[in-house]
Amino acid sequence: MDKDRITGSARDFAGKVEGTAGNVAGDARSQLEGRAREAAGAAQNLYGQAKDAARDAKDAAIGYAKDSYEKSGDTFRDGSQAIAKGVQDNPLGSLLIAGGIGFALALLMTRQPRRSPSRWR
């Protein structure tokens with residue numbers, strides 16, 4: 001719990017007490033000051049709640065990131081094992097796929113760059 005929430009609740013309560021005392025005594029100034037203190041306390045309490053919510057969201061995001069990072073190794077390992085099993089089950093198909101990818105990369109790397117058409121002036 002944030003200290004702003006505690007302070008805000010205390011101010012809110014003190015403002016209510018002061019406003020009630022002003023009502024009983026018939027003092028308009030005490031009523032007004034009590035309502036102002038009550039509003040300031042409520043605002044400070046809301047500010048503390050917002051800080052708590054932001055802190056909780058940050059902590060949750062850090063927790064999710066840590067979990068994802070820890071699980072990423074397992075996911076990579078599972079994918080590698082699946083690829084290795086696929087290669088063991090069908091070595092010829094895997095060789096053809098690897099050759100096709102290599103051929104496509106070679107075509108892309110050796111291709112001449114495009115030149116813009118010449119303009120007649």
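The following exchange asks why certain labels apply to this predicted model.

Me: Why is glutamine 44 called buried?

Reply: Glutamine 44, whose place is in helix H2 (residues 28–89), has a relative accessibility of 17%, and because buried means under 20% relative accessible area, the label applies. Glutamine 44 touches Asp4, Arg5, Thr7, Gly8 and Arg11, when residues up to four places away in sequence are not counted.

Me: What makes the pair of glutamine 44 and arginine 11 a polar contact?

Reply: The side chains of glutamine 44 and arginine 11 are joined at 3.2 Å, and a polar contact requires a pair of N or O atoms within 3.5 Å, so the distance satisfies the cut-off.

Me: Why is the pair of glutamate 18 and arginine 37 called a salt bridge?

Reply: The closest N and O atoms of glutamate 18 and arginine 37 are 3.1 Å apart, and since a salt bridge needs a side-chain nitrogen of Lys or Arg within 4 Å of a carboxyl oxygen of Asp or Glu, the pair qualifies. This pair links distant parts of the chain, with glutamate 18 in helix H1 (residues 3–25) and arginine 37 in helix H2, 19 residues apart. By the same cut-off the count comes to seven salt bridges.

Me: Are glutamate 18 and arginine 37 buried, exposed or partly exposed, and what values show which label each receives?

Reply: Glutamate 18 has a relative accessible area of 18%, and therefore counts as buried, the limit being under 20%. Arginine 37, at 40% relative accessibility, counts as partly exposed, because that label covers values between the buried limit and the exposed limit of over 50%.

Me: How do you know that aspartate 52 and arginine 55 are separated by about one helical turn?

Reply: The two residues are three residues apart in helix H2, which means a separation of about one turn. They also form a salt bridge, with the closest N and O atoms 2.8 Å apart; aspartate 52 is buried at 9% relative accessibility, whereas arginine 55 is partly exposed at 37%.

Me: Why is leucine 108 called exposed, and what patch includes this residue?

Reply: Leucine 108, whose place is in helix H3 (residues 91–110), has a relative accessible area of 59%, and because exposed means over 50%, the label follows. Together with Ile97, Ile101, Leu105 and Met109, Leu108 forms a nonpolar patch on the surface, with about 580 Å² of accessible area.

Me: How does the radius of gyration of the chain compare with that of a compact globule?

Reply: A compact globule of 121 residues would have a radius of gyration near 14 Å, but the chain has 35 Å. The C-alpha atoms fill a box of roughly 95 × 65 × 15 Å along the principal axes, and 12% of the residues count as buried.

Terms used. Residues are numbered from 1 along each chain as its sequence is written. This is a predicted model: local features need pLDDT of at least 70, side-chain atom pairs count only at pLDDT 80 or more; totals for chains, interfaces and linings use all residues. Side-chain values use heavy atoms; hydrogens and water are left out. Patches are made of residues with over 30% relative accessible area and no salt bridge: like charges are joined within 9 Å, nonpolar side chains (Val, Leu, Ile, Met, Phe, Trp, Tyr) within 5 Å. Accessible areas come from the Shrake-Rupley method with a 1.4 Å probe; for residues, only the protein chains shown count as cover. Helices (H or I, at least four residues) and strands (E, at least two) are DSSP runs, numbered from the N terminus. Buried means under 20% relative accessible area, exposed over 50%, partly exposed in between (1.4 Å probe, protein chains only). The radius of gyration is taken over C-alpha atoms; the globule rule is 2.2 Å times the number of residues to the power 0.38. A polar contact is a pair of N or O atoms within 3.5 Å; within protein, one must be able to donate a hydrogen and the other to accept it, and residues adjacent in sequence count only if both atoms are side-chain atoms. Contact means heavy atoms within 4.5 Å.
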